[in-house]
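Welcome! Grab a pencil, keep the sequence and the 3D view open, and work through the exercises below one step at a time.

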Amino acid sequence: MIGFFGGSFDPIHFGHIKNAIAIKKELRLSNLFLMPCAAPVHKSELRFNTKQRLDMLNLAVQEFADLSIDTREIDRQSASYTIDSLKQIQQDYPDDKIFFIMGADSFDNIDTWKKYEQLSDYATLVVLPRVGSNQVDDKGVYFSKVPLVNISSTQIRSKIAKHQDLSGLLPDSIIHYIEQL
Ligand code: ATP
């Protein structure tokens, strides 16, 4: 059983990291892959470029041995549609049960995703709690009970713009990386 956690990771933060580790444990996954998107389909532009986002993901996986990175969406370079990634993943891991992990805010908008009704043909969808999310049972979707972590990349980007302290929001190694850019 393996999990894929897609996102822009602009930048990666403890909301992603703590949830990824917790869900890996909760579902007893053998591997948990953070899967950064290339060009986000639902966001106009990113604060950090692809190399910087990958550098920060690498710093995170160096520190947290439970986590791995899958770069297929970046390698593909075209728009990162989750359905295309899941089809590829199923071909690459034919013997594994595959989970696709997302926050409740993403799940709330899933009907805007390409071929969203087919996503569950390729993976079990796992939804993580986010502030204000209201989780109701839904056929074929697993709502995780991992603790809520109230951190977002938006909040971090806003603090960077105001030169505010980032401690506790993301690993120190990544804070140092951002400071020297
Ligand atoms: P932004 O603030 O730019 O929208 P984000 O913090 O939501 O970014 P993304 O990289 O866009 O981060 O998120 C990737 C995935 O991780 C999404 O499915 C998102 O819902 C989920 N996610 C992000 N932060 C959290 C969090 N604190 N708790 C649970 N899920 C999260």
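## Exercise 1: A residue in the first helix

**Task.** Is I17 buried or exposed, and which residues is I17 in contact with beyond its neighbours within four places in sequence?

**Solution.**
Step 1. I17 has a relative accessibility of 1%, so I17 counts as buried. Here buried means under 20% relative accessible area, exposed means over 50%, and partly exposed is in between, with a 1.4 Å probe and protein chains only.
Step 2. Find I17 in the chain: this residue lies in helix α1. Helices (H or I, at least four residues) and strands (E, at least two) are DSSP runs, numbered from the N terminus.
Step 3. Setting aside neighbours within four places in sequence, I17 is in contact with I12, A60, F64, L67 and P171. Contact means heavy atoms within 4.5 Å.
Step 4. For a distance to try yourself, take I17 and D55: they are 38 residues apart along the chain, and their C-alpha atoms are separated by 15 Å.

A note before going on: this is a predicted model, in which local features need pLDDT of at least 70 and side-chain atom pairs count only at pLDDT 80 or more, while totals for chains, interfaces and linings use all residues. Residues are numbered from 1 along each chain as its sequence is written, and side-chain values use heavy atoms, with hydrogens and water left out.

## Exercise 2: A covered strand and its partners

**Task.** How many of the residues of β4 are buried, and which strands pair with β4?

**Solution.**
Step 1. Strand β4 covers residues 98-103, and 6 of its 6 residues are buried.
Step 2. Look at the two directions: I98, F100 and M102 point one way from β4, F99, I101 and G103 point the other way, and all are buried.
Step 3. One partner is β1 (residues 2-7), which pairs with β4 in the parallel sense over 4 bridges. Two strands pair if DSSP finds at least two bridges between them. On this side, F4 has F100 in β4 as its bridge partner.
Step 4. Another partner is β5 (residues 124-128), which runs parallel to β4 and is joined to β4 by 5 bridges. Here I101 stands opposite V126 in β5.
Step 5. Now follow β1 to β2: these two strands pair in the parallel sense over 6 bridges. In β2, M35 is the bridge partner of G6, and 5 of the 6 residues of β2 are buried.

## Exercise 3: Backbone angles in the loops

**Task.** Where is the cis peptide bond that ends at P11, and what is the phi of R28 and of H163?

**Solution.**
Step 1. The peptide bond from D10 to P11 is cis, with omega near 5 degrees. P11 sits in the loop between β1 and α1 (14-26).
Step 2. R28 has a positive phi of about 55 degrees, although R28 is not a glycine. This residue is in the loop between α1 and β2 (31-36), and at 72% relative accessibility R28 counts as exposed.
Step 3. H163 also has a positive phi, near 55 degrees, and is a residue other than glycine. H163 lies in the loop between α7 (153-161) and α8 (172-179). With 75% relative accessibility, H163 counts as exposed.

## Exercise 4: An exposed helix residue

**Task.** Is D75 buried or exposed?

**Solution.**
Step 1. D75 lies in helix α3 (residues 72-76).
Step 2. The relative accessible area of D75 is 54%, so D75 is exposed.
Step 3. D75 and R47 are 28 residues apart along the chain, with their C-alpha atoms separated by 20 Å.

## Exercise 5: The whole chain

**Task.** What radius of gyration does the protein have, and how many helices and strands?

**Solution.**
Step 1. Count the elements: there are 8 helices and 6 strands. From the N terminus on, their order is β-α-β-α-β-α-α-β-α-α-β-β-α-α.
Step 2. A compact globule of 181 residues would have a radius of gyration near 16 Å, and the protein has 16 Å, which agrees. The radius is taken over C-alpha atoms, and the globule rule is 2.2 Å times the number of residues to the power 0.38.
Step 3. Along the principal axes, the C-alpha atoms fill a box of roughly 45 × 35 × 30 Å.
Step 4. Finish with burial: 46% of the 181 residues count as buried.
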